[in-house]
Amino acid sequence: NRDFQFVTQKFKPGHRGIDLRCVDDKTHKNLDVCATEKSELIRQGIDGYGNYYVVLKPLDNPGLTDIKYIHLERTAYKLGTVFEAGQSIAKCALGGNSPSLHLHFETWHGNKPLDPLIYFGRINIEYKIKPGA
């Protein structure tokens, strides 16, 4: 989704992913969060801020074990559900230490978090970084 291209907080110690702005500039409503690649739902639940999260396992990417989408509106999928690239998972919600709508996005290999911006480069997603992010 092109509206998610604005990174408001980068990967750094204490922040194991990136935050992506997820509000439509015209309607000011929250956007759909879509799977970045074909993946299987392996975990879901409530995050530490009262919103939902999903963890997907990429099916064709041996470099990643988990892709985490955090700060979502309610989800109700069965474990094992397969999402195609670009398929909607949920809407983003308020969460974290931010007063604005954003998606917290993490990429993992085993127990090691990886910088999602490197992943975006590999799957050809363009992005812009907010100054001071």
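The protein contains one helix and eleven strands, and the model in which these elements are described is a predicted one. When the chain is followed along its sequence, the elements appear in the order β-β-β-β-β-β-β-β-β-β-α-β, a pattern in which the helix is preceded by ten strands and followed by one.

The overall dimensions were considered next. For a chain of 133 residues, a compact globule would be expected to have a radius of gyration near 14 Å, and because the protein has a value of 14 Å, the two agree. Along the principal axes, the C-alpha atoms occupy a box of roughly 35 × 30 × 25 Å. Of the 133 residues in the protein, 41% are buried. Where contacts between residues at least 6 apart in sequence are considered, 56% of them join residues that are at least 24 apart.

The surface and the charged side chains complete this general description. About 7,500 Å² of the protein is exposed, and carbon and sulfur atoms supply 50% of that area. The side chains include 18 that are positive and 15 that are negative, and the centres of these two sets lie 3 Å apart.

The pairing of strand β1, which spans residues 6–9, involves both strand β2 and strand β11. With strand β11 (residues 128–129), β1 runs parallel, and two bridges join the two strands; within this pairing, Phe6 stands opposite Lys128 of β11. With strand β2 (residues 18–21), by contrast, β1 pairs in the antiparallel sense, again over two bridges, and here Val7 stands opposite Leu20 of β2. Strand β1 is therefore joined in the parallel sense to β11, by the two bridges that DSSP must find at the least for two strands to count as paired, and in the antiparallel sense to β2.

A single loop residue, Thr81, was examined in closer detail. Thr81 is found in the loop that lies between β6 (66–72) and β7 (82–83). Its relative accessible area is 23%, and because a residue is called buried only under 20% and exposed only over 50%, Thr81 is classed as partly exposed. When residues up to four places away in sequence are not counted, Thr81 touches Ser39, Glu40 and Leu41. Glu37 is 44 residues away from Thr81 along the chain, and the C-alpha atoms of Thr81 and Glu37 are separated by 13 Å.

Conventions:
Residues are numbered from 1 along each chain as its sequence is written. This is a predicted model: local features need pLDDT of at least 70, side-chain atom pairs count only at pLDDT 80 or more; totals for chains, interfaces and linings use all residues. Side-chain values use heavy atoms; hydrogens and water are left out. Helices (H or I, at least four residues) and strands (E, at least two) are DSSP runs, numbered from the N terminus. The radius of gyration is taken over C-alpha atoms; the globule rule is 2.2 Å times the number of residues to the power 0.38. Buried means under 20% relative accessible area, exposed over 50%, partly exposed in between (1.4 Å probe, protein chains only). Contact means heavy atoms within 4.5 Å. Accessible areas come from the Shrake-Rupley method with a 1.4 Å probe; for residues, only the protein chains shown count as cover. Lys and Arg count as positive and Asp and Glu as negative; His and the chain ends are not counted. The place of a charge is taken as NZ of Lys, CZ of Arg, CG of Asp or CD of Glu.
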